[in-house]
Amino acid sequence: MKTVVNRLRRAQGQIAGVIKMIDEGRDCEDVVTQLAAASRALDKAGFAIIATGLEHCLTDPDTAASGDRDQMRTRLEKLFLSLA
């Protein structure tokens, strides 16, 4: 999760940069480029969180034994699609 937090901090900095650029009246193309970079950083963080949950689901013996695996798969799939 340390990698995820680093990605989120990077996105936070990029969003702060976008706000500053708008306040300064910077070129629209530059603002959108920076905003797209922040969006990608957020998406990557979300996918990493989902991948961690998927890994936990597949390796946790309690989840596999309890029959919750299908339910967890459905929930993770829904989360994944919410980012797509």
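**Helix packing and surface of an all-helical predicted model**

Gln12 lies in helix H1. The model is predicted. At 56% relative accessibility, Gln12 counts as exposed, because the cut-off for that class is over 50%. Two C-alpha separations place Gln12 relative to distant parts of the chain. The first is to Ala38, 26 residues apart along the chain, at 7.6 Å. The second is to Leu42, 30 residues apart along the chain, at 9.1 Å.

The protein chain holds four helices and zero strands. From the N terminus on, the order of elements is α-α-α-α. Helix H1 covers residues 2–23. Helix H2 covers residues 28–59. Helix H3 covers residues 61–66. Helix H4 covers 69–83.

Confidence varies along the protein chain. The average pLDDT is 84, and 88% of the residues score at least 70. H1 has the highest confidence, with a mean of 93. Helix H3 has the lowest, with a mean of 60. Where pLDDT is low, the predicted coordinates should not be read in detail.

The protein chain has 84 residues, of which 19% are buried. The exposed area of the chain is about 6200 Å². Carbon and sulfur atoms supply 57% of that area. Among contacts with a separation of 6 or more, 57% join residues 24 or more positions apart.

Contacts between H1 and H2 were examined through two residues. Gln14 is in helix H1. Its relative accessibility is 15%, so Gln14 counts as buried under the 20% cut-off. Beyond residues up to four places away in sequence, Gln14 touches Gln34, Ala37, Ala38 and Ala41. One of these partners, Ala38, is found in helix H2. Ala38 has a relative accessible area of 2%. Ala38 is therefore buried, since the limit is under 20%. With residues up to four places away in sequence again left out, Ala38 touches Ala11, Gln14 and Ile15. The contact between Gln14 and Ala38 thus appears in both lists.

Ile15 is in helix H1. Its relative accessible area is 35%. Ile15 is partly exposed, because this value falls between the 20% and 50% cut-offs. Ile15 touches Ala38, and Ile15 also belongs to a nonpolar surface patch. The other members of the patch are Leu8, Ile19 and Leu42. The area of the patch is about 320 Å². H1 gives the largest share of the nonpolar patch, three residues. Leu42, a member of the patch, is also the residue whose C-alpha atom is separated from that of Gln12 by 9.1 Å.

At the C-terminal side, Ala84 lies in the segment after helix H4. Ala84 has 75% relative accessibility. Ala84 therefore counts as exposed, as the cut-off is over 50%. The C-alpha atoms of Ala84 and Phe47 are separated by 9.4 Å. These two residues are 37 residues apart along the chain.

Methods. Residues numbered from 1 in each chain as written. Predicted model: local features only at pLDDT ≥ 70, side-chain atom pairs only at ≥ 80, totals over all residues. Heavy atoms only, no water. Buried < 20%, exposed > 50% of the residue type's maximum accessible area, 1.4 Å probe, protein only. Contact = heavy atoms within 4.5 Å. Areas by Shrake-Rupley, 256 points an atom, 1.4 Å probe, with all protein chains shown as cover. Patch = residues over 30% accessible without salt bridge, like charges linked within 9 Å, V, L, I, M, F, W, Y side chains within 5 Å. Salt bridge = Lys/Arg side-chain N within 4 Å of Asp/Glu carboxyl O. pLDDT = per-residue confidence, 0-100.
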